[in-house]
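Colleague: Please take a close look at one part of this model, the open sheet and what lies across it.

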Amino acid sequence: MSVNESLDAARDKLLQRAAPDRTEFEDLVIVPLFAFAVALILGAVTMLATGVDLATIGRSYVALLVGSVGSVNALSETLVAAIPLVLAGLGLALGFRAGLFNIGAEGQILMGGLAAVIFGFTFSALPFVILMPLSLLAGALTGAFYAGIAGWLRAATGAHEVISTIMLNLISYRLLDYMLSLPWVQREGRADPVSRSVPDAAELPRLLEWLDPNLRLHAGVFVMLLAVAFVYWLLFRTKLGFEFRASGASPDAARYAGMHASLIIVIAMATAGALAGLAGANQVLGVLGRATPGFSAGIGFDAIAVALLGRSHPIGVLFAGLLFGALQAGGRQMQVDAGVGIDLIGIIQALVIVFIAAPLLVRAIFPWGFRNRQKGTHQ
Amino acid sequence: MDVELKAITKRFGAVVANKDVTLQVRAGEVLGLLGENGAGKSTLMNVLCGLYRPDEGQIVINGTPVQFTNPGDAIAAGIGMVHQHFMLVPVFTVAENVVLGVEPVGRLNHLDLKTASAKVREISARYGLTVDPDALIETLPVGVQQRVEIIKVLFRSADVLILDEPTAVLTPQEVEDFFGIVRSLRDAGKAIIFITHKLNEILEIADRISVLRAGRIVGESDPATATKADLAEVMVGRPVHFEVDRSGAAPGDAMLVIKDLTVLRDDNTIAVDNVSLTVRGGEVLGIAGVQGNGQSALIQAITGLMPAARGTIRFLGQDITHASVRARHKLGLAHIPEDRQRMGLIPDFTVAENMVLDSYYDPRYARGPQVQWDAVNQWAATAAAAFDVRTTSVFAKAGHLSGGNQQKLIVARELSRDTKAVIAAQPTRGLDVGSIEYIHSRLMAARAEGDAVLIMSSELDEILALSDRIVVMFKGRIVAEFDANVEKPEKSQIGLAMAGVAA
């Protein structure tokens, strides 16, 4: 065999993909499943400890299931709740990949949503095919700008994004309150801070009204799926995504490789903000129809959990967002059917995150399902 | 105290890290344990110091078999290990670090630091360690920190000292001092196991040598009669060439011209002080110097990672003093960085991703905004095969490769481009003999192709073996220059210049 042939053979061997790592599969699939199971069990224990009887606990979990996936309406509600969580979660996941811990999704949602509403009622004369996409775009751009401030502060002055995004959140709450009381934003004839309504031509159309006019599922679900595909493409198929991931994994190596660190920080923050702004626009254009104080309702913080649960991977974020959406929709049913407060859902969500963050604990509780591994590492 | 390891076997799942290993070390001798990275040296020592339990075999101390269930047992039995990576609290004093975990206390649990200091001073005096018990760890040079680790072990009354790759972090001068300490410990009756893959060190310090390869003892030898070549062959399993062929020096035009360069550190102190250098095509310029004398800053300024405060850098006739990293890269400047784990590659990324870490944007791999991963993977596999990067697949994470293969990956990435100059900082630090031989041959191949090659290394042997010309840096300045093609300089001459003694 000539030297060239043996090199070719070696090359072909190197191009073979190893079978998916068992450990990776355990981390991505089995750990979250078990974490969810433990969270449900501990949720039940919490209810028991607060004097709820077993029958009610049983009924509440049945209601959770029925309310999240038990009917067309339940599925519709699950999706409606999942859309903004997934969108904002994608933005945060992208930031995490680039090494940026963005706490500011909440503020970016508020600013993006407000911008979408204002754009909508200001240009209400435009036809649907132009106005609706442009309103979404206005939300995304405003979110991008708002997050970009934190990115720029980090790149130019080194101000840590955790601090600056928290501060920007606080500013956004008050800025929203203030703007909602401005005469050109506030709905006419109202004394309380409520914005003008989004015109029909700017609304994300409801998809299932032909089935039942109460079904709230709107076209934002397509925006969500497109965003998942886009973020996947961006992160794993583009030069920019490679730069994001390299900067996040090793800033020194990224600098050595000639990547422009400060520019990447600003672009990554702005892209994350655009996705959060889009989440806000989806809420106002698809569900709420107007902006009110605090309309983001903590979505920006739940989205942090969604991004972590989804392991900062777009597909993972999609599933994590759907799970959290289901918990929200089912939680409302739980409250109605069993009289158990929706706060319990918050507890279950928090427990899921705790156990996801502690995979070793999950492995210890459920030794089966995991391949046994020898203790210690070699060399 | 005599210690014997009898037929030790240690497995991790299907991997056999140690197979049937028998070793003994007696009081008052230095046993050299030689082996390449991954040969099983550390596993064996972790068995001896109680971190791992052997699957087969036993440990015998002074004729009595013992069993260690945890490191505490081994320490109680008088076995102490000085790890390669120090375990010290930087903001504590020497004495505080030494007593950590076994603090002498007075009444009401009052921490008795005076006794601690006195004890440290006493140990330090007895073995010639010269360490100030009240100094803060973070203010001490690496060599002194290592002595603190040794004091820690002695404070716990160890009679057997395991030194794991102790010289990896030391400068040549510190190594000499360190050997003096090892000898005084031996003369005081301690048994010492000295783990290394450096041949000249083991020949200098060991009384007996055992060689480990692929988990087995493959040879024992007497340092009085053994040669480097013999040991290397036993260690690697094939003959190794130490002599680098530097024949046919044909220096061409000046390619990299540095003039009056001054570089400042972050705190505005001077790292490089008014340095002028010229590297011609087809020649190797070696920069020698004790670490921390400005060599790293000089290299980072040439490659664009640190700004030049004053002076100019010209490459192929162009002024690149203020050019971006990428612009320099595109001109044909290859950079093998000093810290491969932190800068040279991303351990979490795949081999293929690391292969294009600084060329992913090139039209060969990218179209529009997209990276063509198929093209990248193909090329990565070709380069990995051509540069002998041993990995199961290009989709494996770079962090899973051994140090030598990680470095070969970086060399493959940097040298397989169309380069005009190669800047290599510590290109073989911590690598085994086989990888060193290979990387040296690649650097010489770049020289033969007419590249300007600049090598910075704290291994004087490496500088001497590769360089056509040698400059020595001390406190940011070039204090001596030697032309190896005119007359091969003496090691001692360079050593003196490295210590700042004017020639």
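Modeller: Two strands count as paired if DSSP finds at least two bridges between them. The model is predicted. On that definition, 6 strands of chain B form an open sheet, and their order is β16-β19-β20-β13-β21-β22. The pairing in this sheet is mixed. At the edges stand β16 (333–336) and β22 (477–483) of chain B; each has a single partner strand, so one side of each is left without a neighbour in the sheet. From one strand to the next, the twist averages 15°.

Strands of a sheet pair through backbone hydrogen bonds, in either a parallel or an antiparallel sense. For β13 (residues 284–288) and β20 (residues 452–456) of chain B the sense is parallel, and the pairing runs over 4 bridges. Within this pair, V284(B) stands opposite V453(B) in β20(B).

Two helices of chain B belong in the picture. Helix α9 (residues 295–303) of chain B lies across five strands by name: β13, β16, β19 (421–425), β20 and β21 (469–474) of chain B. The direction of α9 of chain B is at about 150° to β19(B). Helix α14 (residues 403–415) of chain B lies across β16 and β19 of chain B, and runs at about 175° to β16(B). The edge strand β16 of chain B therefore has a single partner strand in the sheet, while α9 of chain B and α14 of chain B both lie across β16.

Notes:
Residues numbered from 1 in each chain as written. Chains lettered and ligands numbered in written order. Predicted model: local features only at pLDDT ≥ 70, side-chain atom pairs only at ≥ 80, totals over all residues. Heavy atoms only, no water. Axes fitted to C-alpha atoms, helices over the stretch in contact; angles between N-to-C directions. Contact = heavy atoms within 4.5 Å.
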